Amino acid sequence: MNWLTVAWSMCAGVCVTLALMHSFLWSKNRSEFAYLLSTLMALSAGAIAITELSLLRTQSIATYQLLLQWSNLFVYLLIIPMVWLVYVRLDSSQRWLAQIITAMWSVALIFNFISPGSLVYTHVEEIKRQTTYWGEQFSVAVGPANPWVLLANIAVLLILVYVLIAAIKAWRRREQRRAILIGGGVVVFMLFGGIHSMLVDSGIVATPYMVSFAYLAIVVNMSYELVSDAMQAPKLAREVEANQKRWIDLLNNVQLAVIAIDPKGLITYHNPFFEKLTGYSTKELYNRSTLSLLPENERAELNLRLEDMAQTGPRPHSQWTVVCASGEERQLAWSSVRQVDNEGNYSGILSVGADITDGLLAQKELQHSQSELERLTRASMLGELASALAHELNQPLTAILSNSQAALRFMDNDQVDMGELHDILEDIVRDDKRAGEVIHSMRAMLRKGEIKREWFDLKHALDEVLTILHNELDAKSIQVELDFSEDLPQIEAGRVEIQQVLMNLLLNAVRALQSTPTEQRFIQLQAHIGQGNTVCTIIDHGAGIKAEDIPNIFTAFYSTNSTGMGMGLAICKRIIEAHGGTIEAKNREKGGSIFSFTLPIRPDHG
Amino acid sequence: MDEKNFTLFIIDDDASVRKSLRRLLQAHQYQVETFASAEDYLSRENYSGIGAIILDLSMPGLDGIDLQARLMDSGSPLPIIFLTGHGDIHSSVVAMKQGAENFLTKPVDEKELLAAVHEALVNYAERHQKQLDAETIRQNIATLTPREMEILRYVISGAMNKQIAHQLNIAEKTVKVHRGRVLEKMQAKSVIALLRMCDIARVQALTISPSEVSLSVKN
């Protein structure tokens with residue numbers, strides 16, 4: 001039994017089988033050039049195996065030289081398709097490299113046929129018979145090397161570089177399987193073939209050249225890659241089908257209108273929801289002009305827009321009224337995309353529309369009720385202001401009226417007491433001024449007045465306020481805890497105004513503690529630096545604020561106690577904001593309320 | 001009616017209002033006393049003459065409604081005229097329920113104020129007079145002897161002297177004497193006047209029933 005014959009024949013057989021398989025695949029799918037290329041590769045590999053086997057057995061120099069030339073032609077026919085297959089399958093962008101490789105090999109091929117000893121030798125001097133380990137004889141040629149073989153060798157190196165680059169890129173695109181099977185396979189087996197040939201040349205390994213096996217391995221690798229792709233085709237087809245079903249399900253059941261409009265503005269597709277919405281039948285809608293579905297006042301606008309669409313595409317969002325079969329008008333918010341055909345020509349638009357009629361109505365109602373609420377709020381604010389003003393003004397007005405009428409009475413007497421009249425008039429003047437002051441101070445409450453700023457210690461200002469409140473706090477057994485940071489800077493602010501804020505907040509806290517057991521009547525006063533501000537916090541352990549009151553607690557005339565005018569906290573807010581600070585109220589977790597305000601820290605004075 | 005001796009008590013926390021009202025009411029010949037708070041008024045000794053209180057509704061400390069309640073509890077008879085800065089419906093309802101004489105809003109006009117004061121004083125004077133009368137009658141009744149009292153009670157029941165004499169088992173002449181003394185002591189000019197007095201003083205009449213008559217005959 002001749003093992004060499006068996007091995008090389010089998011190699012050739014496998015190659016031809018693969019070639020047949022690939023040619024079959026190609027015949028099924030002519031546009032897939034990869035199959036054509038791999039068919040060529042497999043055929044060439046088979047041819048290489050057969051010529052190699054002949055080379056091993058020939059003992060004639062002339063035959064050997066001829067076989068060598070043919071062998072190199074088949075190598076050429078394998079390598080060039082391989083390069084282009086890599087180009088196709090790994091999406092290599094190195095087209096120029098593939099072209100250079102092809103050109104170099106083509107040139108080398110010319111020299112292959114010019115030189116009598118093919119590309120390998122200038123000529124074959126003699127045929128040597130060598131023996132394998134197991135005693136089979138095979139032929140090896142001896143002759144001077146052809147210098148043009150260098151060209152082929154460089155081209156092989158370029159192939160390695162080219163394939164490596166393509167494989168790495170494919171790997172980075174997460175096509176790892178392809179990168180390994182195609183790129184890795186080509187590189188490994190070409191290196192194996194090259195290194196093995198060198199070992200044979202140097203006499204270290206006593207086997208024939210096994211280039212055809214390396215090529216076989218490459219072809220098998222690529223076949224595997226290609227066929228596994230082909231095997232996936234039915235799976236892909238199922239996926240496409242499932243995908244399509246998903247879209248159809250979506251279009252048929254979604255509660256959104258979907259329509260396709262051709263460049264003339266005619267409806268070419270609509271989904272069932274659009275039918276349901278408009279009340280028109282499929283027949284009535286198909287090829288109907290979209291214009292006819294709009295109320296007349298919107299038609300000119302849509303006409304313009306349809307013209308624009310051809311040029312620039314639709315606006316991503318638009319709102320159109322749709323007149324239903326019943327005459328009812330529905331508002332739809334549309335989102336549209338421009339479509340182009342395979343040649344890149346405008347072919348119409350696809351639009352998805354949501355019925356927002358009910359939402360718009362609800363929104364309108366909400367707006368109406370909101371403005372109504374605002375009006376009522378303003379009215380009640382005015383009412384309360386009027387009531388407060390009336391209360392404050394009634395006292396001096398009462399005095400003025402009574403004094404005037406008393407004066408009239410005196411003047412009826414025979415003897416007018418001029419001194420008494422003088423007193424009365426003085427009183428009238430005083431009460432009139434007082435009424436003026438009421439109005440003035442009311443205005444000051446409502447408007448930002450000029451604040452006289454000065455530098456002072458918040459702690460000092462607070463101490464003064466606490467002195468004023470001392471009796472009140474004592475009488476109600478309220479304990480005040482102070483927690484002021486050591487490093488508090490002086491603040492630049494209206495001293496009186498800040499004291500008013502502290503006073504108001506403290507009185508608020510005192511009120512909040514009214515129904516708290518005496519031993520629990522605590523007010524904590526804290527001040528520290530936070531985010532470029534002096535932060536002052538007043539915490540009481542009282543009843544807390546009702547949740548519904550918190551958002552309005554700083555609103556003027558919003559009072560939570562029946563006797564208050566609702567001005568105290570509104571004034572606090574105005575003062576703090578006039579200083580560039582903020583004020584907020586919240587409830588303490590364990591009961592009670594927390595009021596805190598900030599004052600921006602300014603660069604120190606001198 | 002001469003109102004010169006009637007005193008008006010003005011209670012208002014506002015000094016200007018107090019002063020001007022005092023001036024106006026004094027110009028109309030009223031005696032006026034002013035108080036800056038409800039507490040001040042309560043510490044004044046009781047006034048027994050005819051007068052009225054002009055009371056501010058909203059004051060620090062005890063407010064108008066509180067003071068009114070206290071005065072009612074302590075049996076003060078003086079009518080109260082409320083003055084209020086703004087028409088507080090709730091307070092006015094409470095005040096009227098508690099028996100306020102009137103409810104005026106500030107600034108109050110002279111005519112309105114005087115009319116209210118006058119009406120309050122007239123009403124009060126009438127009530128006061130009735131009380132005075134009742135007091136005199138009670139004092140007069142206290143001077144009667146038990147026998148005279150007994151005879152009075154029979155007389156106002158419409159019993160004849162003869163019937164009374166028979167009932168008490170005394171001489172008709174004696175009844176006549178007692179009767180004359182009762183009229184004299186009660187300062188009554190006629191039996192009709194006596195009847196009215198007994199009505200005011202709530203003296204119970206004694207009636208002579210026919211059965212009682214027959215019973216006493218047997219005895």
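Biologist: Why does L191(A) count as partly exposed?

Modeller: This is a predicted model, and in it L191(A) has 40% relative accessibility. Buried needs under 20% and exposed needs over 50%, so L191(A) at 40% counts as partly exposed. The residue is in helix α6 (residues 176–201) of chain A.

Biologist: What makes the nonpolar surface patch that includes L191(A)?

Modeller: L191(A), I195(A), L199(A) and I204(A) make it, with about 350 Å² of surface. Patch residues need over 30% relative accessible area, and L191(A) has 40%.

Biologist: Over to rings. What makes W84(A) and Y87(A) an edge-to-face pair?

Modeller: The structure holds 11 aromatic pairs over all chains. One of them is W84(A) with Y87(A), at 5.4 Å centre to centre and 75° between the planes. Centres have to lie within 6.5 Å, and planes over 60 degrees apart count as edge-to-face, so 5.4 Å and 75° give an edge-to-face pair.

Biologist: Why are W84(A) and Y87(A) separated by about one helical turn?

Modeller: Because they're three residues apart in helix α3 (residues 61–89) of chain A.

Biologist: What kind of pair do F9(B) and Y41(B) form?

Modeller: Edge-to-face again: the centres are 5.6 Å apart and the planes make 70°, set against cut-offs of 6.5 Å and 60 degrees. F9(B) lies in strand β1 (residues 7–11) of chain B and Y41(B) in helix α2 (residues 38–42) of chain B, so the pair ties together parts 32 residues apart in sequence. F9(B) and Y41(B) are both buried, and ring pairs link them with F35(B) and Y47(B) into a cluster.

Biologist: How do you know that the charged end of R288(A) sits over the ring of Y280(A)?

Modeller: It is 4.2 Å from the ring centre, and the limit is 6 Å, along with a position within 35 degrees of the ring normal. The charged end of R30(A) likewise sits over the ring of W26(A), 5.1 Å from its centre.

Biologist: How do you know that the span of helix α14 (residues 495–512) of chain A agrees with what is expected?

Modeller: Its 18 residues should span 26 Å at 1.5 Å a residue, and the end C-alpha atoms are 25 Å apart, which agrees. Helix α2 (residues 33–57) of chain A, with 25 residues, reaches 36 Å, close to the 36 Å expected.

Biologist: And why call α2(A) largely enclosed by the rest of the structure?

Modeller: Because 18 of its 25 residues are buried. For α14(A), 13 of the 18 residues are buried, so that helix is largely enclosed too.

Key. Residues numbered from 1 in each chain as written. Chains lettered and ligands numbered in written order. Predicted model: local features only at pLDDT ≥ 70, side-chain atom pairs only at ≥ 80, totals over all residues. Heavy atoms only, no water. Helix = DSSP H or I, 4+ residues; strand = E, 2+ residues; numbered from the N terminus. Expected span 1.5 Å × (residues − 1). Buried < 20%, exposed > 50% of the residue type's maximum accessible area, 1.4 Å probe, protein only. Patch = residues over 30% accessible without salt bridge, like charges linked within 9 Å, V, L, I, M, F, W, Y side chains within 5 Å. Areas by Shrake-Rupley, 256 points an atom, 1.4 Å probe, with all protein chains shown as cover. Salt bridge = Lys/Arg side-chain N within 4 Å of Asp/Glu carboxyl O. Phe/Tyr/Trp six-rings, centres within 6.5 Å; stacked < 30°, edge-to-face > 60°.
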